[in-house]
Amino acid sequence: MPRSDNLTGAVLMMASMAAFTINDTFMKALAGEVPLFQLLFLRGVLTTLAVGVIVWCMGAFRARLSRRDTGSIVLRIVGEIGAAYFFLTALFNMPLANVTAILQAIPLTITLAAALFFGDPVGWRRLSAILVGFVGVMLIVRPGADDFTIYSFYALAAVGFVTLRDLATRRLARETPSMLVTFITSGSIMVFFGLASLTGDWVPMDLRASVLTMGASVMIIGGYLCSIMVMRVGEISFIAPFRYTGLIWALVLGWLVFDEWPEPITLVGAAIVVGSGLFMLYREAQLGRKRRFSPVPRPR
């Protein structure tokens with residue numbers, strides 16, 4: 001693989017993580033000012049319109065979805081809605097870096113869930129990495145600590161829903177357009193939280209709130225586009241570790257914007273989670289090379 005492709009993929013991955021984290025920062029800045037359901041609906045309107053234009057320009061609306069893909073998209077929507085609610089509720093009540101650190105466990109939970117539900121082989125090395133990673137998560141959450149709140153469990157619930165979303169995405173046919181799936185998901189989130197917002201009062205939004213909401217929409221669209229483009233260039237084993245730059249963005253933005261900085265034990269837990277994820281990526285790349293050069297299956 002040409003080095004330029006790998007570098008391009010790394011830049012796209014870092015840009016994707018930056019865009020998603022800036023989106024989180026804009027949303028958190030509106031906590032307590034605009035109701036969550038109202039925010040998610042308005043962001044969903046702007047995002048769905050923009051993604052719809054992209055899908056139309058790509059001609060992806062002509063794609064036919066199989067019954068299997070339809071079922072997978074429904075599961076993906078459930079995962080996305082649950083993740084949005086639990087993640088943002090946790091984000092509104094916890095430091096940005098803490099929530100982001102907990103979400104770094106997603107590669108671990110996806111690997112474990114794929115082994116349980118899809119029968120993917122997982123050897124003792126990767127299973128050990130998953131267990132060590134979960135120890136890191138517990139250091140971040142710290143049940144029973146003085147500063148522990150229920151919102152740590154909300155962040156963990158978000159990890160579970162993201163895992164469901166990604167496993168459902170994995171079941172989609174390769175020829176199914178990614179942007180079409182993104183449009184359907186975004187539209188469903190818009191409708192769901194639009195209806196949910198009717199259960200409470202709406203509040204007027206000043207110029208600052210409107211700009212932040214629009215900025216969040218722009219950032220999340222940019223994150224979607226970069227995350228899709230990154231899958232088309234470079235080697236995944238080289239590019240994937242750069243997803244952890246999202247934690248660096250969360251540390252910097254949390255400090256600059258909200259004057260937040262995690263406690264040392266939280267940073268230790270985050271380092272353990274990231275280290276476990278990096279080891280699994282390394283192990284997967286190593287096994288991938290073995291499979292390419294040997295026709296005989298190797299034990300994991």
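## Salt bridges, core and contacts in a predicted model

Biologist: Is Arg 142 buried or exposed?
Modeller: This structure is a predicted model. Arg 142 has a relative accessible area of 16%. The cut-off for a buried residue is under 20%, so Arg 142 counts as buried.

Biologist: Which residue forms a salt bridge with Arg 142?
Modeller: The closest N and O atoms of the pair are 3.4 Å apart. A salt bridge requires such atoms to lie within 4 Å. The partner that satisfies this for Arg 142 is Glu 263.

Biologist: How many residues apart in sequence are the parts that this pair ties together?
Modeller: Arg 142 lies in the loop between helix H6 (124-141) and helix H7 (151-170). Glu 263 lies in the loop between H11 and H12, and is partly exposed at 38% relative accessible area. The pair therefore ties together parts of the chain whose separation in residues is 121.

Biologist: Which residue meets Lys 28 in a salt bridge?
Modeller: Lys 28 belongs to helix H1 (residues 3-29) and counts as buried, with 9% relative accessibility. Its partner sits 232 residues away, in the loop between helix H11 (245-258) and helix H12 (264-293). That partner also counts as buried, at 18% relative accessibility. With an N to O distance of 3.7 Å, the residue that meets Lys 28 is Glu 260.

Biologist: Which helix holds both Glu 80 and Arg 76?
Modeller: Glu 80 and Arg 76 form a salt bridge, their closest N and O atoms being 3.8 Å apart. Both residues are buried. They stand 4 residues apart, about one turn of the helix, and the helix that holds them is H3 (residues 67-93).

Biologist: Which residues are linked with Arg 76 and Glu 80 in a network of salt bridges?
Modeller: The search of the whole structure finds 6 salt bridges, and one of them pairs Glu 80 with Arg 76. The network that includes these two residues also links Arg 165 and Asp 166.

Biologist: Where is Thr 185, and which residues does it contact beyond its neighbours within four places in sequence?
Modeller: Thr 185 is placed in helix H8 (residues 178-197) and is buried, with a relative accessible area of 2%. Its side chain reaches the backbone oxygen of Val 181 at 2.8 Å. Beyond the neighbours within four places in sequence, Thr 185 contacts Arg 76, Ile 77 and Glu 80.

Biologist: Which helix gives the largest share of the largest nonpolar core?
Modeller: The largest nonpolar core has 51 residues, and among those with the most contacts inside it are Phe 87 and Val 99. Leaving aside neighbours within four places in sequence, Phe 87 is in contact with Asp 24, Val 99, Leu 103 and Ala 158. Of this core, the largest share is 10 residues, and the helix that supplies them is H3.

Biologist: How far apart in space are Phe 242 and Val 11, C-alpha to C-alpha?
Modeller: Phe 242 is found in the loop between helix H10 (236-239) and H11, and is partly exposed at 25% relative accessible area. Not counting residues up to four places away in sequence, Phe 242 touches Ala 10, Met 13, Met 14 and Met 17. Although Phe 242 and Val 11 are 231 residues apart in sequence, their C-alpha separation in space is 8.4 Å.

Definitions and conventions. Residues numbered from 1 in each chain as written. Predicted model: local features only at pLDDT ≥ 70, side-chain atom pairs only at ≥ 80, totals over all residues. Heavy atoms only, no water. Salt bridge = Lys/Arg side-chain N within 4 Å of Asp/Glu carboxyl O. Helix = DSSP H or I, 4+ residues; strand = E, 2+ residues; numbered from the N terminus. Buried < 20%, exposed > 50% of the residue type's maximum accessible area, 1.4 Å probe, protein only. Core = buried A, V, L, I, M, F, W, Y, C linked by side-chain atoms within 4.5 Å. Contact = heavy atoms within 4.5 Å. Polar contact = N/O pair within 3.5 Å; in protein donor to acceptor, adjacent residues only side chain to side chain.
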